[in-house]
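Here are a few notes to help you find your way around. Have the viewer open as you read, and take the points one at a time.

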Protein chains: 2
Amino acid sequence: MGTSTNIVWHESSVTKEEREHQKNHKSAVLWFTGLSGSGKSTLSVALERALYNLGIHTCRLDGDNVRNGLNKNLGFDPDDRKENIRRIGEVSKLMVDAGLLTLTAFISPYQEDRNQVRAILEENEFIEIYVKCSLDTCEKRDPKGLYKKARAGEIKSFTGIDAPYEKPVSPEITVDTENYSLEKTVQVIIQYLRDKKYLTKIT
Amino acid sequence: MGTSTNIVWHESSVTKEEREHQKNHKSAVLWFTGLSGSGKSTLSVALERALYNLGIHTCRLDGDNVRNGLNKNLGFDPDDRKENIRRIGEVSKLMVDAGLLTLTAFISPYQEDRNQVRAILEENEFIEIYVKCSLDTCEKRDPKGLYKKARAGEIKSFTGIDAPYEKPVSPEITVDTENYSLEKTVQVIIQYLRDKKYLTKIT
C-alpha cells in the first residue's frame, strides 16, 4: 500500500500502431458517398460481412446508429448537415485510432465537408468511395419512398431533387452500382484494400 | 455482370455478439468519474496498457481526444457540459457495439448525466468507476495547475470549487487513489472484470 501522490509507475498510452499490430491489419475510414438509394448502406453491410469473414476488425456508422444517437439533436438545414458530417468524421477518427477499419455510409453531399474529414486524418487513413448511380435509377429504386415524398414537396432540401450532390473530385474508389452486381463492387473494394496493403498482416 | 436494381444477395449486419466472439471477450464501458486530479486519466492509461497486454481490444476516450475533436464546439456552461457527456456516451455506445472494452476518463460530475449514459446501454455494458480522492489531495496534486487558477478566479465553474461534484450513488467499482497505489487500483479493476466474466474467452 502506498499513496499515488507520487506515482513513479506510469505506463504510456497504447498507440494506434500497437492496436493495428494486435489486429493484424491497418486501420482507415472507408467513406461511402452517393445519392440516397445509390446503395451505400447495402454495400457497406455486405463489405463489412466480407471483411469480418476475413478476420478484419471493423465498425460501421450509418444513419441508423448515428442519426438516432450521437446526432439526434441535428436536423437537415445546411449548418446541421455540416455538423452532422463533422461529428461523423471525428468519431471515425476515434475509431481509426482504435485500430478499426471503419465504414461510413452517409450521403455526405458536399466536397468541402468530405475534405474536412480527410484533413483531420492521416494520409492513407481516408478512403473516399464514390457510390455511382444515376438519379434516375436511384429514384426508381426509392427503397425508403423518400424520392416520392421529395417530389410531392413533403421533404424539403432533398439531395438530388432540391439540394445539390457534389460528386467526389478524386475519390480513391468509384463503384458503379447501376451496372455491376453487389458481389462485384464488394470485390473491387477488397481488391483495393489488398493492393494497398490495408489487410496485410503487420510484422 | 448484372444490375443491382434487383439485389438478391444481401448479407446481414455484423452483430455485437459476433464482434465479441472475434475479439474473445465482452465489450462494455468503463466509465471513470471523479474530481480533477483524482487520477482518472493516469488510471485509465495504466489499465488500458494492462488490458492490452492481456490481449483485450480497447479504446480510450479522454479530454485530449474528445475536447479537441468531437466536442471542440462545446464550452463549460451547464448545457454544454450535459451535451459533452451525452456525446461521449453515444460514442461509447458505438465503441461497445464495435466490440471494444471502452475506457472513458471525464470528471462527469452529475449523476443524472451518468445515468443517461447508463440508460442508452444494455445492462452490464456500463461499469461506473468512482475514482475517490479528497478535494484536499486533488488540490495539492493539481497536476495541470487548474485548482490554482480556479482559486484565483481565473477559471469559473470549476468542479469542487465553485461547481458541484456528485459522487456516484451506486458505482460498480470504487477505487481510492489517495490511499492505494496505481498498481493496486489497476489490479482491483482487472479482478472485477475477471470475476464478472468480461475477459473470459467466449465460446
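**A few places to look**

1. Just past the end of helix 1 in chain B, B:Asn24 adopts a positive phi of about 70 degrees. Please keep in mind here, and in every point below, that this is a predicted model.

2. Now step back into helix 1 of chain B, which spans residues 16-23. Its buried residues are B:Arg19, B:Glu20 and B:Lys23. Looking down the helix axis, you will find these buried residues within an arc of 100 degrees, so they line one face of the helix.

3. Stay in chain B and move on to strand 2, residues 58-62. Of its 5 residues, 4 are buried, so this strand is largely enclosed by the rest of the structure.

4. Which strand is joined to strand 2 of chain B, and do the two run parallel or antiparallel? The partner is strand 3 of chain B (residues 101-105), joined to strand 2 by 5 bridges, and the two run parallel. For one pair to look up, try B:Asp62, whose bridge partner in strand 3 is B:Ala105.

5. Over in chain A, look for A:Pro168 in the loop that connects helix 7 (146-151) with strand 5 (173-176). Is A:Pro168 buried or exposed? A:Pro168 is buried, because 20 other C-beta atoms lie within 10 Å, and the cut-off for a buried residue is 20 or more.

6. Leaving aside residues up to four places away in sequence, A:Pro168 touches A:Thr33, A:Gln111, A:Arg114, A:Glu128 and A:Tyr130. As for A:Gly39, this residue is 129 residues from A:Pro168 in sequence and 16 Å from A:Pro168 in space, C-alpha to C-alpha.

Note on methods. Residues numbered from 1 in each chain as written. Chains lettered and ligands numbered in written order. Predicted model: local features only at pLDDT ≥ 70, side-chain atom pairs only at ≥ 80, totals over all residues. Buried ≥ 20, exposed ≤ 12 C-beta atoms within 10 Å, placed from the backbone. Arc of directions from axis to C-beta. Contact = placed C-beta atoms within 7 Å. Pairing = 2+ DSSP bridges.
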